[in-house]
Structure formats: C-alpha cells, structure tokens
Amino acid sequence: MNNPSDYYENDTTLAQYLEFHFGESWHGEANFPKELAEAALEALNGRETCRALDIGCAVGRTTLELARHFDHVDGVDFSQSFVNTCRDVVASGRARYARPEEGELVSYQERSLAALGLAEAAQRVAFHQGDACDLGQDYRDYDLVLAGNLIDRLYKPSLFLETIHERINDLGLLVIASPYTWLEDYTPKSEWVGGYLKNGEPFTTLDGLKDMLAPHFRLLGEPRSLPFVIRETRNKFQHSFSELTIWEKLPA
C-alpha cells in the first residue's frame, strides 16, 4: 500500500463504513458508533454540553448521536470522501450505499436519519476535512473531544495527544477508544504509543497514554472494552474490541 489514506477513499470501504455506522447490527453486537457516543455522554455526568469535537468521525454516526445532546458538534476526518459522505447524509436526510455481498454483487441500502432519531440533531453538526495531528486554530473551546478508533491510524499520535488539551475547556473530557492495532503502514514504529518492550518490560498503549496525557488530564475510572463488528461481505466480518478510556482535563 503506497498511501494508507487511499484505503479510506475506496468506494467499497466507504460502503462498509456506512453499513458499520447506519446499517444492521451483526453477531449480537450493538452499533459501535452509537455506543461510543452514549458512553461519552454518560461520562459527562452534568458537565456542559455546548461544543463537542468528534475527531476521526468517519461517516458521521457518532457526531450525529452527540448532537442529540450538544448545541454544536464538529466532525473532522482526514478522508475527504468520508467528509463529503457525511455532508450528503445530512443534506439528504439519509444514507444510501451499495453494500458488498459477494464478489461484484451488492445490495442497495437506504437508512433514514429520521428513522434513527437523528433528523433534528443533523441541524447541529458541521463536517470538515482535517488532520488530527495538525488541526487549525478554530478547533477549540470544546466540552468534549472524542477520538474513536483513531490514535493507531495517526502518523504521529503524540502530536495529537500532547496538544489536545489546548482545545478542551477545564474539566472537559477527552474520550479515546482504540483497538491499539499498531501497524507500520500507518504509524512508524518509533511513533507507537505502546505495544512494545521498554527497558525489557511490556509497555502497553494505556501506559503510553498515561504518560502523554498526565500533564493535563486525569483518568476517570477504569478502561472498558467496547466490541465492534465491521461487515466486509455477506460472509466476512471483522470482530474487534476497542479499549475505551475517559480523561478529564485538569484546571489550568
């Protein structure tokens, strides 16, 4: 793979993600983008709900779910194809896609935002193309920043992790979920947050997160595992688990 980002611009991948966000639930697992938003909302526990950022928003379901409770939510993704799709879904009020079934065979799917209870929330979102490691100055003053299945796909995750506090209000939350599938296709090994030996001892991604976030955040509660299933075809599925951690920004 010459450019890892090309994977996310592929029509087949786009359809798989639309199914992941808006389609059916598979193998007994709940809708992950919705569950992620609900976990973040539960963690807010009475905090302000003015502005949220969903960074690595993919095709937008978590952004929309957050907007059911926030005044405004920005969804940002590196893939222009994903961002265009988010905007199309909001403008049309529905997600339409050709779901891969077998070989060249597809089935045509349509999911209404109204049927999902998201039509009103769609009025409170904005979608932007952007780089999590190099966000513009406009992205700040958030009560919540959510990074779902993002950090192990960044070329320099430390840039994101060590500066994200600048964009979050005091006592606001940073919610990170990741399966920690570090691959050199996406992240040079020297930039991995964890998943290697350090001084001869196992150093996990959670260890790395604690080190990088400690100057500005405290970990709330214990990590928890959220399952997710990505349907590739009628007969092939990815069944994974994402570790969810919630961090509160310390007052300056």
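Okay, one definition before anything else: when I say buried I mean under 20% relative accessible area, exposed is over 50%, and partly exposed is in between. By that rule K156, at 28%, is partly exposed, and we'll come back to that residue. Also keep in mind that this is a predicted model.

Let's start with the cysteines. How many disulfides does a search of the whole structure find? Zero. Take C57: the nearest cysteine sulfur belongs to C86 and sits 4.4 Å away, and a disulfide would need the two sulfurs within 2.5 Å, so that pair doesn't count. C57 is buried, by the way, with a relative accessible area of 2%. Then there's C133, also in no disulfide; for that one the nearest cysteine sulfur is that of C57, 15 Å off. C133 counts as buried too, at 11% relative accessibility.

Next up, helix α2. This helix runs over residues 32–44, so 13 residues, because that's how the run is assigned. From its first C-alpha to its last, α2 reaches 19 Å, close to the 18 Å you'd expect at 1.5 Å a residue.

Which residues of α2 are buried? The list is F32, P33, L36, A37, A39, A40, L41, A43 and L44. If you're looking for a pattern in that numbering, remember that an α-helix has 3.6 residues a turn, so residues three or four places apart point the same way. And what covers those buried residues? Among the elements doing it are helices α1 (11–22) and α3 (61–67), plus strands β6 (142–148), β7 (168–178), β10 (217–233) and β11 (236–249).

Now the two ends of α2. At the N-terminal end, N31 is the cap: one of its side-chain oxygens lies 2.9 Å from the backbone nitrogen of K34. Just after the helix, N45 takes a positive phi, about 50°.

On to charges. Side chains of opposite charge can pair when their charged atoms come close. In this model, a search of the whole structure turns up 15 salt bridges. I'll walk through three of them.

First on my list, R94 and E110, at 2.8 Å, N to O. R94 lies in strand β3 (94–102) and E110 in strand β4 (105–112), so the pair ties together parts that are 16 residues apart in sequence. Both ends are partly exposed: R94 has a relative accessible area of 25%, and E110 has 42%.

Then E102 with R234, where the closest N and O atoms are 2.8 Å apart. What does that pair tie together? E102 lies in strand β3 while R234 is in the loop between β10 and β11, so we're joining parts 132 residues apart in sequence. E102 is partly exposed at 43%, and R234 is partly exposed at 45%.

And here's K156 again, as promised. Its side chain meets that of E191 in a salt bridge, 3.0 Å, N to O. K156 is in the loop between β6 and α5 (157–161), and E191 is in the loop between β7 and β8 (196–198), so this one links parts 35 residues apart in sequence. Is each partner buried or partly exposed? K156 is partly exposed at 28%, whereas E191 is buried, at 18%.

One last item: some salt bridges share partners, and those join E19, E24, R99, E101 and R231 into one network. That's it from me.

Note on methods:
Residues numbered from 1 in each chain as written. Predicted model: local features only at pLDDT ≥ 70, side-chain atom pairs only at ≥ 80, totals over all residues. Heavy atoms only, no water. Buried < 20%, exposed > 50% of the residue type's maximum accessible area, 1.4 Å probe, protein only. Helix = DSSP H or I, 4+ residues; strand = E, 2+ residues; numbered from the N terminus. Expected span 1.5 Å × (residues − 1). Contact = heavy atoms within 4.5 Å. Polar contact = N/O pair within 3.5 Å; in protein donor to acceptor, adjacent residues only side chain to side chain. Salt bridge = Lys/Arg side-chain N within 4 Å of Asp/Glu carboxyl O.
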